[in-house]
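Let's walk through this one together, from the overall layout down to a few backbone oddities. Have the sequence and the model side by side as you read.

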Amino acid sequence: MSYDALLWLSFGGPEAPDEVMPFLENVTRGRGVPPERLAEVAEHYRHFGGVSPINGLNRAAIAAVEKELAAQGIALPVYFGNRNWHPMVEDTLARMAADGVRRALVFPTSAYGGYSACRQYDEDILRARAAVGEGAPELTKLRQFFDHPLFIGAFADALRIARAGLSEARVVFTAHSVPDSADLAAGPPGEGGRRYSRQIAEAARLVAAEAGVTEYDLVWQSRSGPPQIPWLEPDIVDHIDALHARGERGVVVCPVGFVSDHLEVVWDLDNEAAERAAELGMGFARAATPNGDPRFAELVVELVREHLSGAPVRKLSTFTAAGCTVNGALCATGCCEPVRRPTGAARPGR
Ligand SMILES: CC1=C(CCC(=O)O)c2cc3nc(cc4[nH]c(cc5[nH]c(cc1n2)c(C)c5CCC(=O)O)c(CCC(=O)O)c4C)C(CCC(=O)O)=C3C
Ligand SMILES: [Fe+2]
């Protein structure tokens, strides 16, 4: 099979103060996130002048991937499109079609399975292809890479470096929380669910092993949604309290659930969690995310080469290599089914 382009598909983020609310409305439309939470998150973006780091980080990563492709003699133009903010994936796909792209690979900026981390990117692909209509490029999404040796290796080195600065500290892995019901529905029906949290736990185990860490915890961060709906727990900040209560002197946080230092990392960890640790007199360090590591570009190009030249599928876990589907198709019927969130208002019966 031959491909004409690589589409870099990401979440998107505002790049000016007046973009914050429209961006947040795009993210949360129909998802039952209370207005108070939205106002709070808008405030987080305002601490950074209304500019999320995510688009800039993606542009830098794309530049690194373009260099790596060229270095490996692969002629594949890279396009950038987002789910929630400009450049919107619908517009990017229209441009690709106009440029004559017939078939493209898609790199989603998430390593994991689950509704938010995988299936929602399939929905983006479906939506973008429907928007372009006739002549829309055929899109093959690259697989989940949470257990790829280059991903694990980048995190393991970052964790080693972060630990080197703190003499006594508990290692804590963190990932974005999701509703418990969404985690339960993650993966193909019949496989017991929880594909998202199981993959996160496996990545944490692999990173810890490679970094020589024998004891650690796995916690969650950045929950939204109404408080009566259960999400994955414990929360990172509550966990820092618990570590303090049992006499730990410091904490090294490894954000294994993310590929770059976007807002959830630089606000929820580097500000909120770091501040709580400081209040408690605990040491705090945070491991870098892989986006800035040269191995990240190599990883992307290796995933591309699995398709272009049959490069071996390298992975460190025994979990199924999932997420690789064509034109937004699911891994399996009912895989990572979205769980409808209550909006607070009564919903008309359907
Ligand atoms: C699993 C997961 C990932 C990792 C996988 C991946 O990377 O794709 C992720 C990434 C990200 N999440 C991001 C931002 C936001 N996520 C929100 C809300 C939510 N995230 C959820 C899950 C995840 N999110 C969920 C279940 C919700 C509830 C609403 C819903 O069911 O959809 C909200 C709404 C406000 C709030 O309530 O926090 C915002 C602003 C940004 C960009 C940050 C920047 O601007 O730098 C990134 C990379
Ligand atoms: Fe999110």
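The domain assignment splits the chain into domain 1 (5–145 + 292–308) and domain 2 (149–290); these bounds come from an automatic or database domain assignment. The C-alpha centres of domain 1 and domain 2 lie 23 Å apart. Where they touch, 27 residues of domain 1 are in contact with 31 residues of domain 2, contact meaning heavy atoms within 4.5 Å.

A quick word on ground rules: this is a predicted model, where local features need pLDDT of at least 70 and side-chain atom pairs count only at pLDDT 80 or more, while totals for chains, interfaces and linings use all residues. Residues are numbered from 1 along each chain as its sequence is written, chains are lettered from A and ligands numbered from 1 in the order in which they are written, and side-chain values use heavy atoms, with hydrogens and water left out.

Now for the sheets. Helices (H or I, at least four residues) and strands (E, at least two) are DSSP runs numbered from the N terminus, and two strands count as paired if DSSP finds at least two bridges between them. In general, strands of a sheet pair through backbone hydrogen bonds, either parallel or antiparallel.

Start with the open sheet of 4 strands that reads β2-β1-β3-β4, paired in parallel. At its edges you'll find β2 (78–82) and β4 (138–141), each with a single partner strand, so one side of each has no neighbour in the sheet. Neighbouring strands here are turned by 30° against each other on average, direction ignored; for such angles, axes are lines fitted to C-alpha atoms (for helices, over the stretch in contact), and values run from 0 to 180 degrees between N-to-C directions. Strand β3 (residues 103–108) pairs with β4 in the parallel sense over 4 bridges, and if you want a landmark, Val106 stands opposite Lys141 in β4. Helix α3 (residues 54–71) packs on this sheet, touching β1 (5–10) and β2, with its direction at about 160° to that of β2. Helix α11 (residues 294–308) lies across β1, β3 and β4, running at about 140° to β3.

On to another open sheet of 4 strands, also with parallel pairing, in the order β6-β5-β7-β8. The edge positions go to β6 (216–221) and β8 (283–286); each has a single partner strand, so one side of each is left without a neighbour in the sheet. On average, neighbouring strands of this sheet are turned by 25° against each other, direction ignored. Strand β5 (residues 170–176) runs parallel to β6 and is joined to it by 6 bridges; here Val172 stands opposite Asp217 in β6. Helix α8 (residues 195–211) packs on the sheet against β5 and β6, its direction making about 140° with that of β6. Helix α10 (residues 263–279) packs on the sheet too, touching β5, β6, β7 (250–254) and β8, and makes about 170° with the direction of β8.

What about enclosed space? On a 1 Å grid over the protein atoms alone, a cavity is a set of points where a 1.4 Å probe fits but cannot get out, and lining residues have an atom within 4 Å of a point. Grid points are joined across faces, edges and corners, and a volume is the space filled by probe spheres set on the points. By this rule there are 3 cavities of 30 Å³ or more, and the largest holds about 70 Å³. Both domain 1 and domain 2 give residues to its lining, so the largest cavity lies between them. Among the lining residues are Gly113, Tyr115, Val178, Asp183 and Tyr196. Two elements, α5 (115–132) and α7 (180–184), give two or more residues to this lining, and α5 gives the most, with 3 residues. By type, the lining divides into 6 nonpolar, 3 polar and 1 charged, where Ala, Val, Leu, Ile, Met, Phe, Trp, Tyr, Cys and Pro count as nonpolar, Asp, Glu, Lys and Arg as charged, and the others, Gly among them, as polar.

Last stop, the backbone. A cis peptide bond with omega of about -5° joins His86 and Pro87, and Pro87 sits in the loop between β2 and α4 (89–98). Glu233 and Pro234 are also joined by a cis peptide bond, with omega at about 0°. Pro234 belongs to the loop between β6 and α9 (236–245). Ser222 lies in the loop between β6 and α9 as well, and it has a positive phi of about 60° although it is not a glycine.

Definitions and conventions:
On a 1 Å grid over the protein atoms alone, a cavity is a set of points where a 1.4 Å probe fits but cannot get out, and a pocket is an open set with protein on both sides within 12 Å along at least five of seven lines; lining residues have an atom within 4 Å of a point.
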